[in-house]
Amino acid sequence: MEQPTSTLEEAAMKRLLERDVTLEEIAELVFDLQAPYIENITMDRCLENVKQVLRKREVQNAVLTGIELDILAEEGKLSSPLQEIITNDEGLFGIDEVLALAIVNVYGSIGLTNFGYLDKLKPKVINRLDSGKDSSEVNTFLDDIVGAIAAAAASRIAHSEPKLDSNY
């Protein structure tokens, strides 16, 4: 993996890895989103776009904030009723999605639709993170953050392919 360009970027990447999320897993989501539209899409291109998304300060801040809230909930360090809401990933909470939208909005409206799609289907790594509800691990924010990074990276790719305008 190439070196992060800032301490904040390094901290965000470290936190993702500590939560057992790799950039390659996120790139797989990007690949699945873009393969129907880009004939010769590669995993390398998807991975590079994930890395580019993670270079944005807004993204780094969202990653660090969301993961920290998940960890605090795991440790039981939040006040009630927030502790129970985050621990149980209550469906009407919505703040986890709002934080993820800060990531998605960096790359426009395509990111929003990609995120909604991923949030609804919960494929691959997102499903693994979301399914952790039965364990002591809390990923209320992380599953949405991962989906948002993938959605933003897919949007970044789409914006670099002007010939695709008619396919979206």
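The lining of the largest pocket in this predicted model sorts into 9 nonpolar residues, 3 polar ones and 1 charged one. That makes for a lining of 13 residues, and the ones nearest the pocket's centre are Asp32, Leu33, Tyr37, Asn114 and Tyr117. Two elements give two or more residues to this lining, namely helix H2 (23–34) and helix H7. Of these, H7 chips in the most, with 5 residues. As for the room inside, the volume of the largest pocket comes to about 210 Å³.

Stepping back to the whole chain, there are 9 helices and 0 strands, so to speak an α-α-α-α-α-α-α-α-α pattern when read along the sequence. The C-alpha trace spans about 50 × 35 × 25 Å along its principal axes. The radius of gyration is 16 Å, which agrees with the value near 15 Å that a compact globule of 168 residues would have. Buried residues account for 43% of the 168 residues. Taking contacts between residues at least 6 apart in sequence, 73% of them link residues at least 24 apart.

Helix H6 gives a closer look at how one helix sits among the others. Within H6 (residues 95–104), the buried residues are Asp96, Leu99, Ala100, Ile103 and Val104. They lie on the same side of H6, because the arc they cover around the axis is only 155 degrees. The partners that these buried residues pack against are helix H3 (43–54), helix H4 (57–74), helix H7 (109–121) and helix H9 (142–159). H7 thus turns up twice, as a packing partner of H6 and as a contributor to the pocket lining.

Notes. Residues are numbered from 1 along each chain as its sequence is written. This is a predicted model: local features need pLDDT of at least 70, side-chain atom pairs count only at pLDDT 80 or more; totals for chains, interfaces and linings use all residues. Side-chain values use heavy atoms; hydrogens and water are left out. Buried means under 20% relative accessible area, exposed over 50%, partly exposed in between (1.4 Å probe, protein chains only). Helices (H or I, at least four residues) and strands (E, at least two) are DSSP runs, numbered from the N terminus. The arc is that of the directions from the helix axis to the C-beta atoms. Contact means heavy atoms within 4.5 Å. On a 1 Å grid over the protein atoms alone, a cavity is a set of points where a 1.4 Å probe fits but cannot get out, and a pocket is an open set with protein on both sides within 12 Å along at least five of seven lines; lining residues have an atom within 4 Å of a point. Grid points are joined across faces, edges and corners, and a volume is the space filled by probe spheres set on the points. Ala, Val, Leu, Ile, Met, Phe, Trp, Tyr, Cys and Pro count as nonpolar, Asp, Glu, Lys and Arg as charged, and the others, Gly among them, as polar. The radius of gyration is taken over C-alpha atoms; the globule rule is 2.2 Å times the number of residues to the power 0.38.
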